[in-house]
Amino acid sequence: MLRIQKRYSLRFRKTKTSNKLISGFDMSFSSYPGIIQSEDDFYLISSGLTTMETTIQNYNDSLWSNVKPVGQVLEFVRAMVANRLAENPTDWVNLFKLYNSGTYNNQWMILNYAAFQPGSPLPPRDVLHVLEQIPGFVMHDDFTGHLINRTYWASYNVPYFPFIFNVSGNYDMAQRHGSWFSYSETPGARIFARDHVKVHCSNCMLHLMRSNNYTRDPEARCDCTPPYSAENAISARSDLNPVNGTYPMKMLGHRSHGATDVKVTSNQLFKQLQFKAVAGPTQGSDNSLGPFCWSKSDFNDKVSHLGHPDCFNFKPVLHQWSL
């Protein structure tokens, strides 16, 4: 929850004798103290690419045998190499999937702002690519057509590709525990499908990405006592679930888990490698949830938070880079 906006402008050349800079010599991203990569991940890159991901779970323990100590490269290294060297989404995918470590498994989205012109129709290809990684497998496709037909793409920690969904054990989890583990019926999917039409500006996007109306939103309801969970929102805040509540799964109950920030960019902001960001757990789109305060939380003595403010009551910031 200690967040830093970083920008690397490293004028690396393609070769020792070349005068041409690598495509991703300049990038901004959200990060943490002492971390050389984003880790969220959220990158705006001079190549015209924006790359980001949401984590997907592997419930199939047999796949961990594909994680090897030799001949593989950790996820953050592959992501940073692809960010720096790729000139387009296909380049990025082809670089990232090399030497898959099967660690930190995510659904990656590679958005190509260089192919986007405001007021013009999207080209049929190479605007949005989606990649999913699990131990032993990487799948990817061009999702520009999906973006054109559906007008949005949403990612919410569930694999899209049926093969990845099935082999990672997500299908089995959905069969055993219900739609919370499904791709199209999990609460995040249903809320995005319902509310994406409300997004007309970057502040609208911030509003959606910070939304949590768990006591009144029908998509937040569950077979629980009380009959809803603050986990079932775009911006989860499971600290708000009562300690003495009853829940069919620990994921829906009281725990130190939830969204800890939000980052939003736009075509205009991207030109300066800028993004709006808000630090800390959501207060809800109408501020009805109140700020998260360590001193008011039962996690105060259970979770290390050295260097944190007591209350995370921050406004959106838009950093002005000076190079």
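**Entry 1: two helices**

I started with a helix contact. Glu75, Arg78, Ala79, Ala82, Asn83 and Leu85 in H1 touch Trp92, Leu95 and Phe96 in H2. I sorted these residues by class: the contact of H1 with H2 has six nonpolar, two charged and one polar. I kept in mind that this is a predicted model.

Next I looked up how the pair is arranged. Two packed helices are described by the distance between their axes and the angle between them. Helix H1 covers residues 75–85 and helix H2 covers residues 89–96. Their axes lie 8 Å apart and make an angle of about 150°. Angles over 145 degrees count as roughly antiparallel, so H1 and H2 are roughly antiparallel to each other. I also noted the hand of the crossing of H1 and H2, which is right-handed.

**Entry 2: disulfides**

How many disulfides does a search of the whole structure find? I noted two. Counting bonded cysteines along the chain, I wrote the pattern as 1-2, 3-4.

I took Cys222 and Cys224 to begin with. Their sulfur atoms are 1.9 Å apart, and they form a disulfide. The torsion about the S-S bond of Cys222 and Cys224 is about -130°, so I entered this disulfide as left-handed. Then I checked accessibility. Cys222 has a relative accessible area of 19% and is buried; the cut-off for buried is under 20%. Cys224 is buried too, at 9% relative accessibility.

I moved on to Cys293 and Cys311. They form a disulfide with sulfur atoms 2.0 Å apart. The torsion about their S-S bond is 110°, and I entered this link as right-handed. The pair links distant parts of the chain, 18 residues apart. Cys293 sits in strand E10 (residues 292–293), and Cys311 sits in strand E11 (residues 311–312). Is Cys293 buried or exposed? Cys293 is buried, with a relative accessible area of 4%. Cys311 has 30% relative accessibility and counts as partly exposed.

I looked up one further cysteine, Cys201. Cys201 is partly exposed, with a relative accessible area of 36%.

**Entry 3: between E10 and E11**

I picked out Leu306, which lies in the loop between E10 and E11. Leu306 has 78% relative accessibility and counts as exposed. I then compared positions with Gly48. Leu306 and Gly48 are 258 residues apart along the chain, and their C-alpha atoms are separated by 37 Å.

**Entry 4: cis peptide bonds**

I turned to the backbone. Asp40 and Asp41 are joined by a cis peptide bond, with omega about -5°. Where does Asp41 lie? I found Asp41 in the loop between strand E2 (26–31) and strand E3 (42–45).

The peptide bond from Thr225 to Pro226 is also on my list: it is cis, with omega near 0°. I placed Pro226 in the loop between helix H7 (202–209) and strand E8 (261–264).

**Entry 5: positive phi**

I looked up two residues for their phi values. Tyr99 has phi near 60°, a positive value in a residue other than glycine. Tyr99 lies in the loop between H2 and strand E5 (106–112). At 54% relative accessibility, I logged Tyr99 as exposed.

Leu273 has phi near 55°, which is positive in a residue other than glycine. I found Leu273 in the loop between helix H8 (267–270) and strand E9 (276–279). Leu273 is buried, with 6% relative accessible area.

Methods
Residues are numbered from 1 along each chain as its sequence is written. This is a predicted model: local features need pLDDT of at least 70, side-chain atom pairs count only at pLDDT 80 or more; totals for chains, interfaces and linings use all residues. Side-chain values use heavy atoms; hydrogens and water are left out. A disulfide is a pair of cysteine sulfur atoms within 2.5 Å. Buried means under 20% relative accessible area, exposed over 50%, partly exposed in between (1.4 Å probe, protein chains only). Helices (H or I, at least four residues) and strands (E, at least two) are DSSP runs, numbered from the N terminus. Axes are lines fitted to C-alpha atoms, for helices over the stretch in contact, and angles run from 0 to 180 degrees between N-to-C directions. Angles under 35 degrees count as roughly parallel, over 145 as roughly antiparallel, 65 to 115 as roughly perpendicular and the rest as oblique. A crossing is left-handed if the near helix is turned anticlockwise from the far one by less than a right angle, and right-handed if clockwise. Contact means heavy atoms within 4.5 Å. Ala, Val, Leu, Ile, Met, Phe, Trp, Tyr, Cys and Pro count as nonpolar, Asp, Glu, Lys and Arg as charged, and the others, Gly among them, as polar.
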